[in-house]
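Welcome to a short tour of a ligand site and the spaces around it. Have a look at the model below, and then we can walk through it together.

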Amino acid sequence: MFITFEGDDGTGKTTQILRLAESLRSAGYEVVTTQEPGGTAVGKQIRHVLLHSGDVSPKAEALLYAADRAHHVDTVVRPALERGAVVLADRYIDSSIAYQGVARALGTDEIRSLSTWATGGLLPDLTILVDVPTSVSMARLGQNHDRIESTGFAFHAAVRQEFLALAAAEPERWVVIDGSKSVDDVAAAVRRSIAPVLARLEERKTGQ
Ligand code: TYD
């Protein structure tokens, strides 16, 4: 089972991934938590180039995120899924669509087909959007911003709107969770939202 978490910077999704991983592990599942960019050794170097090495032109940025994703899927995500683990990924293709496709205006079709090629078409079973108003997520980021975080309000507002639009267009894959509630309340909502997917996984296991 492949579950991705999406949301603008500062929405608290990383905390929620750790909480969900804990609860799934205590229910006996093998869980792999990972992230993009930077879920592999090569990816960590790509992440550094993307976030902490000065200006990167928009198309180069899109290609670097896709390169990170290709390597990540081949070496971490697919092997984990093949041995039956639950994979929880902090960001995936939808981040590229929202950030590069829309906020950087490179085009959603181009960015989607680039990532589809990079991943061999691997899509998540479920995508959890942790949504908070842009004014709240930007305030949560505090003072130390990386290259993408320091882009202005309009950029982040566009990212948020695109995530909401993607979720509305494909409701069978996405759940939208209000990330402005307390960490415990959000964690409970995340657990409720994955119940149907877990039920499908159990059916698959017992059907084998
Ligand atoms: P993330 O690891 O979520 O940020 P942090 O750990 O600093 O909270 O993501 C790093 C940044 O990369 C974030 O600003 C979103 C951006 N990003 C894209 O622009 N496109 C992508 O495809 C991905 C995966 C991330």
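A polar contact here is a pair of N or O atoms within 3.5 Å. Please keep in mind that this is a predicted model.

**Polar contacts to the ligand**

With that cut-off in hand, look at Arg69: one of its polar side-chain atoms lies 3.0 Å from an oxygen atom of the ligand. Two other side chains, those of Lys13 and Ser96, also make contacts of this kind. The table sets them side by side.

| Residue | Partner | Distance |
|---|---|---|
| Lys13 | ligand oxygen atom | 3.2 Å |
| Arg69 | ligand oxygen atom | 3.0 Å |
| Ser96 | ligand oxygen atom | 2.5 Å |

How much of the ligand does the protein bury? Taken alone, the ligand exposes 550 Å², and the protein buries 89% of that.

**The shell around the ligand**

There are 17 residues around the ligand, and those that come nearest are Asp9, Tyr65, Arg91, Ser96 and Gln100. Ser96 thus appears both in this nearest group and in the table, with its 2.5 Å contact. By class, the shell holds 8 charged, 5 nonpolar and 4 polar residues.

Which elements give two or more residues to this shell? They are α2 (41-52), α3 (58-82) and α4 (93-103). Of the elements, α4 gives the most, with 4 residues.

**The pocket that holds the ligand**

The ligand sits in the largest pocket, which contains about 440 Å³ of space. Its lining is made up of 25 residues, and Asp9, Lys13, Glu36, Arg47 and Arg91 lie nearest the pocket centre. Lys13 is worth a second look on your screen, since its side chain also has the 3.2 Å contact with a ligand oxygen atom.

The elements that give two or more residues to the pocket lining are α1 (13-26), α2, α3 and α4. Here too α4 gives the most, with 4 residues. Sorted by class, the lining has 10 charged, 8 polar and 7 nonpolar residues.

**Two backbone features in loops**

Now follow the backbone at Glu36, one of the residues nearest the pocket centre. The peptide bond from Glu36 to Pro37 is cis, with omega near -10 degrees. Pro37 itself is found in the loop between β2 (31-35) and α2.

Arg91 is the other residue to check. Although Arg91 is not a glycine, its phi is positive, at about 85 degrees. Where does Arg91 lie? It is in the loop between β3 (86-90) and α4. Arg91 is among the residues that come nearest the ligand, and also among those nearest the centre of the largest pocket.

**A separate look at the cavity**

Besides the pocket, the count comes to 1 cavity of 30 Å³ or more, and the volume of the largest cavity is about 30 Å³. The residues that line this cavity are Gly7, Asp8, Thr11, Leu129, Val130, Asp131, Val132, Arg160 and Phe163. Two elements, β4 (126-131) and α7 (153-169), give two or more residues to the cavity lining. The largest share comes from β4, with 3 residues. By class, the cavity lining divides into 4 nonpolar, 3 charged and 2 polar residues.

Key. Residues numbered from 1 in each chain as written. Predicted model: local features only at pLDDT ≥ 70, side-chain atom pairs only at ≥ 80, totals over all residues. Heavy atoms only, no water. Near = heavy atom within 4 Å. Polar contact = N/O pair within 3.5 Å; in protein donor to acceptor, adjacent residues only side chain to side chain. Areas by Shrake-Rupley, 256 points an atom, 1.4 Å probe, with all protein chains shown as cover. 1 Å grid on protein atoms, 1.4 Å probe; cavity = no way out; pocket = protein on both sides within 12 Å on 5 of 7 lines; lining within 4 Å. Sits in = over half its atoms within 2 Å of the grid points. Nonpolar A, V, L, I, M, F, W, Y, C, P; charged D, E, K, R; others polar. Points joined across faces, edges and corners; volume = space filled by probe spheres on them.
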